[in-house]
Amino acid sequence: MPKKEKVGTVVSNKMDKTIVVAIAEKHPHPKYGKIQNRTVKFKAHDEKNECHEGDLVRIVESSPYSKDKTWCLAAVLERTQEV
């Protein structure tokens, strides 16, 4: 079975070797059909601490690193401009 991949934005990088990635999804309401935005946050392993807040990244499912961290950073797709 292939590993799952998700693309999202880095929300936090304050932990050592860990980033929090927010995935925004749009789903229709089951009864009324209105499109709703849902945001799910995943903790991902960032071995080199290379990500910053606002970066667009791709994460891949992996074996558990800790209780909450079961994703790994695959690639940084787009970097933010640092001020």
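The side chains of E50 and R79 form a salt bridge at 3.7 Å from N to O, a term that here requires a side-chain nitrogen of Lys or Arg within 4 Å of a carboxyl oxygen of Asp or Glu. Because E50 lies in the loop between β3 and β4 while R79 lies in the segment after β5 (69-78), this pair ties together parts that are 29 residues apart in sequence; the strands are DSSP runs (E, at least two residues), numbered from the N terminus. E50, D55 and R79 are linked in a network of salt bridges.

The structure is a predicted model, in which local features need pLDDT of at least 70 and side-chain atom pairs count only at pLDDT 80 or more, whereas totals for chains, interfaces and linings use all residues. Residues are numbered from 1 along each chain as its sequence is written, and side-chain values use heavy atoms, with hydrogens and water left out.

**Charged pairs**

Side chains of opposite charge can pair when their charged atoms come close. The count by this rule comes to six salt bridges, including those in the table.

| Pair | Closest N and O atoms |
|---|---|
| R58 and E5 | 3.9 Å |
| K14 and E53 | 3.2 Å |
| E50 and R79 | 3.7 Å |

R58 lies in strand β4 (residues 56-61) and E5 in strand β1 (residues 5-12), so their salt bridge ties together parts that are 53 residues apart in sequence. K14, in the loop between β1 and β2 (18-28), pairs with E53, in the loop between β3 (35-45) and β4, and therefore ties together parts that are 39 residues apart in sequence.

Accessibility is classed by relative accessible area, with buried under 20%, exposed over 50% and partly exposed in between (1.4 Å probe, protein chains only). E5 is exposed at 53%, and R58 is partly exposed at 28%. K14 is likewise exposed, at 71%, while E53 is partly exposed at 38%. E50 is partly exposed at 32%, as is R79 at 46%.

**Nonpolar core**

The largest nonpolar core, meaning a set of buried Ala, Val, Leu, Ile, Met, Phe, Trp, Tyr and Cys residues joined through side-chain atoms within 4.5 Å, has 11 residues: V10, I19, V21, I23, F42, A44, C51, V57, I59, W71 and L73. The elements that give two or more residues to this core are β2, β3, β4 and β5, and β2 provides the largest share, three residues. Leaving aside neighbours within four places in sequence, V21 is in contact (heavy atoms within 4.5 Å) with G8, T9, V10, V40, K41, F42, V57 and I59.

Methods
Helix = DSSP H or I, 4+ residues; strand = E, 2+ residues; numbered from the N terminus.
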